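I opened this entry to look up two things: backbone angles that stand out, and how the nonpolar side chains group.

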Amino acid sequence: MSQDEFFMKAAIECARLAVAHGNEPFGAVLVKDGEVVYSNENQIYSATDPTFHAEAGLLRRFCAETQITELQEYTLYSSCEPCFMCSGAMVWTKLGRLVYAASDIDLCRLLDEQGSHASRIVFENSHHKPEVTGGLLREESLKILSDYFSRNKKG
């Protein structure tokens, strides 16, 4: 198992925990120098905050707790391609690298909605462009997303 796969499995586990805690199935893990420094799950329902996505919540809390606001040396692993809001947060924190499992297009297909590569659109039109790798453990993430959204509506 590669290091990227190891950390993506941790992000996908955060997505499982999100569901167990009454939230949508999205998770994120922040890594520096081969170590997890922070992890977070989607908390839009449990925190009663529609902006508390896994990635934006992770960045908000990590930066507040550590007083670190420039993340060029960090990699964020996300169980699903980040939305426009979360991608914008990655631009503002100058994230070094993003690795995601399922794409926004994959998610939108499950939801019968129009999709795009949200993160790519944001990064291409911003002053900061993290390195991006998509599709890692895609099928594993899609299973969790499909299971959840076959029974629940998107918030």
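My notes on backbone angles come before those on the cores.

**Backbone.** I am working from a predicted model. I looked for positive phi values outside glycine, since most residues other than glycine have a negative phi. D33 is one case, with a positive phi of about 55°. I placed D33 in the loop that joins β1 (27-32) to β2 (35-41). Is D33 buried or exposed? Its relative accessibility is 69%, and the cut-off for exposed is over 50%, so I logged D33 as exposed.

L137 also has a positive phi of about 55° and is not a glycine either. I found L137 in the loop between β5 (131-134) and α6 (138-149).

**Largest core.** Next I asked which residues touch the most other members of the largest nonpolar core. They are L30, L76, L95 and L145, in a core of 27 residues. I then listed the elements that give two or more residues to this core: β1, α2 (54-66), β3 (75-80), α3 (84-92), β4 (97-102), α4 (104-111), α5 (118-124) and α6. The most comes from α2, which gives 5 residues.

I followed L145 further. Leaving out residues up to four places away in sequence, I noted that L145 touches P25, F26, C80, A102, L107 and L110.

**Another core.** Apart from the largest core I found another, made of 13 residues. Its members include A11, V29, V31 and Y77. As background I wrote down that nonpolar side chains tend to be buried together in soluble globular proteins.

Methods: Residues are numbered from 1 along each chain as its sequence is written. This is a predicted model: local features need pLDDT of at least 70, side-chain atom pairs count only at pLDDT 80 or more; totals for chains, interfaces and linings use all residues. Side-chain values use heavy atoms; hydrogens and water are left out. Helices (H or I, at least four residues) and strands (E, at least two) are DSSP runs, numbered from the N terminus. Buried means under 20% relative accessible area, exposed over 50%, partly exposed in between (1.4 Å probe, protein chains only). A nonpolar core is a set of buried Ala, Val, Leu, Ile, Met, Phe, Trp, Tyr and Cys residues joined through side-chain atoms within 4.5 Å. Contact means heavy atoms within 4.5 Å.
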